[in-house]
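Hi,

Here is the structure I said I'd pass along. Have a look at it first, and then read on for my notes.

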Amino acid sequence: MTKYTEDQIKLKNYIVKGNVNTQCKTVTDLNHWADYGIYNVTDYEKYQLTCIIKDASYDCGGKVRVDFTEYTLKELKDMCDYYCDQAQKANLVKEKAKKDNASNFYLRIKNVCKLGASNYRTAIRWILEADGYDNDFAYDGDYICYEYNLAYRHKKLFKTAGVA
């Protein structure tokens, strides 16, 4: 039987308490956390902050890896606040770009209809063919939205156009 320190028992209780009202359960096995060098609640909180920092920095276009043992809890909280703020700003820019791209794509459809496409389905098919997306390859709406940097809610346009 493994003996755990008082700090480890507090850590387990802290995690169990955190698991009560959430669908995503955190591992409560103390040996698991010991493998990561986490033996107390402060280490656990620092580790969790490093995970948030990594994810938030990814949203900013990079991926920052931080060793929780090299920083204080306050330093990590400040770092986390900074990267979360930057991620929020980056996501707002990405969302604006997607809206702009959707507007531009809509205008492109209208212009192709003026050039002779009988309806928007034909216009979309012509646009995709002109951009090198022919019907020989089974593109789905998700892929086309990704390629044109459109919100995925627009994928239905490509399915009704007979492309996806």
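Below is what I found about the salt bridges.

One thing to keep in mind as you browse: this is a predicted model. The count of salt bridges comes to seven, and I'll walk you through some of them, including one in helix α4.

That one pairs Asp78 with Lys74, with 2.9 Å from N to O. Both residues belong to helix α4 (residues 73–114), and because they are four residues apart there, about one helical turn separates them. As for the surroundings, Lys74 is exposed at 57% relative accessible area, while Asp78 is partly exposed at 42%.

Next, look at helix α5 (residues 120–130), where Arg125 and Glu129 are again four residues apart, or about one helical turn. Their side chains form a salt bridge at 3.9 Å, N to O. The cut-off is 4 Å, so this pair is counted. Arg125 has a relative accessible area of 27%, which makes it partly exposed, and Glu129 is partly exposed too, at 39%.

Then there's Asp142 with Lys155, a salt bridge with an N to O distance of 3.4 Å. Here Asp142 sits in helix α6 (residues 141–148) and Lys155 in helix α7 (residues 155–160), so the bridge ties together parts that are 13 residues apart in sequence. Asp142 is partly exposed, with a relative accessible area of 30%, and Lys155 is also partly exposed, at 30%.

Happy browsing!

How values were computed:
Residues numbered from 1 in each chain as written. Predicted model: local features only at pLDDT ≥ 70, side-chain atom pairs only at ≥ 80, totals over all residues. Heavy atoms only, no water. Helix = DSSP H or I, 4+ residues; strand = E, 2+ residues; numbered from the N terminus. Buried < 20%, exposed > 50% of the residue type's maximum accessible area, 1.4 Å probe, protein only.
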